[in-house]
Amino acid sequence: MKPEMIYLILGMSLVTQLPRLLPLVVLSRLSLPPIVIRWLKQIPVAVLSALLFPSLLIADGILSLSLNNTALLAAIPSIIVAAKTKNLFLTVLAGIASSALLQFFMS
Amino acid sequence: MKNEVIKGWKAAVPVALGYLPLGLAFGILAARQGLTWIDVFFMSLLVYAGSAQFIASAMLSSGSAAAAIISTTFLVNLRHLLMSASLSPLLKHLSSPILAWISLGITDETFAAGYPEASGGKASPWFYFGLNGLSHFSWIVSTVTGCLLGSRIPDPEKWGLDFALPAMFIGLLLMQMKNRKDIIVALTGGITALVLSFLVNNSFNVLIAAITAAFTGVVIKNEA
């Protein structure tokens, strides 16, 4: 390994791991006010939707609401399977299968 | 203990499945941009953050300075602060060294996949050993494999594998939606992230959108 690469990876590791580490270790030893706890309880839904929407609706850097957007189309069966089965593994399989079929028929 | 590890593994299966195409894609890209498999191995082991690794490898090939790459990595990964903080009231029963170890395995995916178990307030460290262990292992193996095989791997898009992560986010999101308030939080987070993605660089939009959406969740009253 080149020394520059070692420094780069160590630097990236430090700035990534500290934000992962500090809140959990420090805040879990404090008793937080109820309103903060309520705010923190919203985080999973808030983060997941913030990750999901752009991944479905932005294709090649632009907003895509058309029927050519395979990600948006493949989302429909995935949502149905997720709602019906509540099973994450089946949802991922349904997503992969519908995305593969769409790629096959639309290319 | 054994049952808890297995429960963790089960939670990790969809995550590992989602990391496979993403990791292969990163490995292929990294190889093209001159990284060796050893570089990729250590980056996946010590940084373990998909989007930051993609950005870093693109910045390396365009000749960016290390300081620029490291500060971009910091901004892109700052959203883990929120996830780590939101686990803190739920894992109070664990000791600091165990929490430190669990925290290093927090990614978008492992955080969300483990959250239902953590929200019970009794999650076992062995559950996280299974979940984080298998997920991280899958990330390292798929990125190194991608780097070693390079362009000899057929295009993962053809097999629909690029949709594994969005599908996982759909499943995780729906499983955590319990009332009308959650729908409003999700719509706020999603639309804010969408709008911001055109205004700010990198995945900084996710951090700002999540903070905003969580506030709407506090303002709105709980409804069944």
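**Close-up views of a predicted two-chain model**

**View 1. Helix H8 of chain B, end to end.** Helix H8 (residues 125-149) of chain B counts 25 residues, and the distance from its first C-alpha to its last is 35 Å, close to the 36 Å expected at 1.5 Å a residue. Follow the chain just past H8(B) and you meet Gly150(B), whose phi is positive, at about 55°. Please keep in mind, here and in the other views, that this is a predicted model.

**View 2. Helix H1 of chain A and its kink.** Helix H1 (residues 3-27) of chain A also has its span given: with 25 residues, H1 reaches 36 Å from first C-alpha to last, close to the 36 Å expected at 1.5 Å a residue. Look along H1(A) for Gln17(A), where there is a kink of about 30°. The proline Pro19(A) follows shortly after that kink.

**View 3. Helices H4 and H5 packed within chain A.** Here helix H4 (residues 70-85) and helix H5 (residues 88-106), both of chain A, pack with their axes 8 Å apart, at an angle of about 150°. Angles over 145 degrees count as roughly antiparallel, and H4(A) and H5(A) are therefore roughly antiparallel to each other. The crossing in which H4(A) passes H5(A) is right-handed. On the H4(A) side, the residues that meet H5(A) include Leu73(A), Pro77(A) and Val81(A), while H5(A) contributes Leu90(A), Ala94(A), Ser98(A) and Leu102(A), among others. Sorted by class, this contact holds nine nonpolar and eight polar residues, with no charged ones.

**View 4. Where chain B touches chain A.** For the contact between the two chains, 79 residues of chain B pair up with 62 residues of chain A. On the chain B side, helix H9 (residues 164-175) gives the most, with eleven residues. That side of chain B is made up of 55 nonpolar, 17 polar and seven charged residues.

**View 5. Helix H2 of chain A against helix H11 of chain B.** Zooming in between the chains, the axes of helix H2 (residues 34-41) of chain A and helix H11 (residues 204-219) of chain B come within 8 Å, crossing at roughly 125°. That angle makes H2(A) oblique to H11(B). The two helices, H2(A) and H11(B), cross in a right-handed sense. From H2(A), the contact takes in Ile35(A), Arg38(A) and Trp39(A); from H11(B), Ala214(B), Phe215(B) and Val218(B). Five residues of this contact between H2(A) and H11(B) are nonpolar, none is polar and one is charged.

**View 6. Helix H3 of chain A against helix H5 of chain B.** In this pairing, helix H3 (residues 43-57) of chain A and helix H5 (residues 80-87) of chain B have axes 10 Å apart and pack at an angle of about 155°. H3(A) and H5(B) are therefore roughly antiparallel to each other, and their crossing is left-handed. To find the contact, pick out Ile43(A), Pro44(A) and Val47(A) in H3(A), then Leu82(B), Met83(B) and Ser86(B) in H5(B). The classes in this contact of H3(A) with H5(B) come to five nonpolar residues, one polar and no charged.

How values were computed
Residues are numbered from 1 along each chain as its sequence is written. Chains are lettered from A and ligands numbered from 1 in the order in which they are written. This is a predicted model: local features need pLDDT of at least 70, side-chain atom pairs count only at pLDDT 80 or more; totals for chains, interfaces and linings use all residues. Axes are lines fitted to C-alpha atoms, for helices over the stretch in contact, and angles run from 0 to 180 degrees between N-to-C directions. Helices (H or I, at least four residues) and strands (E, at least two) are DSSP runs, numbered from the N terminus. Angles under 35 degrees count as roughly parallel, over 145 as roughly antiparallel, 65 to 115 as roughly perpendicular and the rest as oblique. A crossing is left-handed if the near helix is turned anticlockwise from the far one by less than a right angle, and right-handed if clockwise. Two residues are in contact if their C-beta atoms, placed from the backbone, lie within 7 Å. Ala, Val, Leu, Ile, Met, Phe, Trp, Tyr, Cys and Pro count as nonpolar, Asp, Glu, Lys and Arg as charged, and the others, Gly among them, as polar. The expected span of a helix is 1.5 Å times one less than its number of residues. The bend at a residue is the angle between axes fitted to the seven residues ending there and the seven starting there.
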